[in-house]
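Here is a short briefing for a first look at this chain. Keep the sequence and the 3D view open while reading.

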Amino acid sequence: MDIEPDMFGHRPSPVEHRSYFAIYPEPAIAQRIEHEARVLGRQHNVRRVVPAGRLHLSLNGLQRGPELEPHQLEEALLAGDAIRRPAFDLILDRIQTWDNGRSGRRGSVPTVLNCSAPPREALALYEDLRRQIRQAGLRVGGHQFNPHITLWYAPARLPALALRYPVHIRVNRFCLVHSIAGAGRAEHLASWPLKF
């Protein structure tokens, strides 16, 4: 379908939907992370950090572009229902910029809060979810899982910094999320407790 131009002849960009499984920290922890990111960001001329309500750890991205079809959404919900894992603690103990070796290039890159040693339970949750998604015939994420929370996108690049006070997150549930690029908020479609 062709998108009609506006009165000035510009065609609007197509809407990009994003659907993914994620872990959200408790609101108080997310607010602490946002505050600390703002303090650190000011030192590196970062003007915009990810707001507390959007801070999350992605488990598996299902789709970018068109919205999930109803049958795909149903399969994703069944994949989430099938997970049987215990709750666990996650310790985020370093901040670093992920620029894929592009340090000489310009442009915004993500600076993240991540783990120096992801717990075995986090890796098991990722693998179980990945297996269920693959069996459902949906798009599967990469083979490696590096739990992280994106703090900002900016040209500023930071080397890996060990945190004096690591962030402890009790992971006791995960969600299926839908968002629209640039909309500023995400819709939680479903949530599953972690219990065994």
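Is W192 buried or exposed? W192 is buried, because its relative accessible area is 9% and the cut-off for buried is under 20%. The model is predicted. The chain holds three helices and eight strands. Of its 196 residues, 41% count as buried.

**Overall layout**

- Along the sequence, the pattern reads β-α-β-α-β-β-α-β-β-β-β.
- Contacts often reach far along the chain: among those between residues at least 6 apart in sequence, 74% join residues at least 24 apart.

**Aromatic pairs**

- The count of aromatic pairs comes to four.
- One of them joins F21 and F174, with ring centres 6.2 Å apart and planes at 50°, so this pair is tilted.
- F21 sits in strand β1 (residues 17-23) and F174 in strand β7, so the pair ties together parts that are 153 residues apart in sequence.
- F21 is buried, with a relative accessible area of 0%.
- F174 also counts as buried, at 1% relative accessibility.
- F174 forms an aromatic pair with W192 as well, and that pair is stacked.
- For F174 and W192, the distance is 5.1 Å centre to centre, with 25° between the planes.
- W192 lies in strand β8 (residues 186-193) and F174 in strand β7, so their pair ties together parts that are 18 residues apart in sequence.
- Together, F21, F174 and W192 form one aromatic cluster.

**A22 in strand β1**

- A22 has its place in strand β1.
- A22 is buried, with a relative accessible area of 0%.
- Leaving aside neighbours within four places in sequence, A22 is in contact with H56, L57, S58, L59, F174, C175 and V177.
- F174 of the aromatic cluster is thus named among the contacts of A22.
- A22 and H188 are 166 residues apart in sequence, but their C-alpha atoms are 9.6 Å apart in space.

**H178 in strand β7**

- H178 belongs to strand β7 (residues 173-180).
- H178 counts as buried, because its relative accessibility is 9%.
- The side chains of H178 and H17 make a polar contact at 2.8 Å.
- Not counting residues up to four places away in sequence, H178 touches H17, R18, S19, E67, A186, E187 and L189.

**Helix α1 and the loop after it**

- I29 is found in helix α1.
- Beyond its neighbours within four places in sequence, I29 is in contact with V167, H168 and I169.
- I29 and H168 are 139 residues apart along the chain, and 8.4 Å separates their C-alpha atoms.
- E34 is in helix α1 too.
- E34 counts as buried, at 16% relative accessibility.
- Setting aside neighbours within four places in sequence, E34 is in contact with V49, V50, P51, A52 and L55.
- N45 lies in the loop between α1 and β2 (57-65).
- N45 counts as exposed, because its relative accessibility is 65% and the cut-off for exposed is over 50%.
- The phi angle of N45 is near 60°, a positive value in a residue other than glycine.

**The second largest pocket**

- The second largest pocket holds about 320 Å³ of space.
- It is lined by 15 residues, and those closest to its centre are E36, L40, I95, L163 and Y165.
- Two elements, α1 (27-43) and β6 (161-171), give two or more residues to the lining of this pocket.
- Which kinds of residue make up the lining of the second largest pocket: nonpolar, polar or charged? The lining divides into 12 nonpolar residues, no polar ones and three charged ones.

Definitions and conventions:
Residues numbered from 1 in each chain as written. Predicted model: local features only at pLDDT ≥ 70, side-chain atom pairs only at ≥ 80, totals over all residues. Heavy atoms only, no water. Helix = DSSP H or I, 4+ residues; strand = E, 2+ residues; numbered from the N terminus. Buried < 20%, exposed > 50% of the residue type's maximum accessible area, 1.4 Å probe, protein only. Polar contact = N/O pair within 3.5 Å; in protein donor to acceptor, adjacent residues only side chain to side chain. Contact = heavy atoms within 4.5 Å. 1 Å grid on protein atoms, 1.4 Å probe; cavity = no way out; pocket = protein on both sides within 12 Å on 5 of 7 lines; lining within 4 Å. Points joined across faces, edges and corners; volume = space filled by probe spheres on them. Nonpolar A, V, L, I, M, F, W, Y, C, P; charged D, E, K, R; others polar. Phe/Tyr/Trp six-rings, centres within 6.5 Å; stacked < 30°, edge-to-face > 60°.
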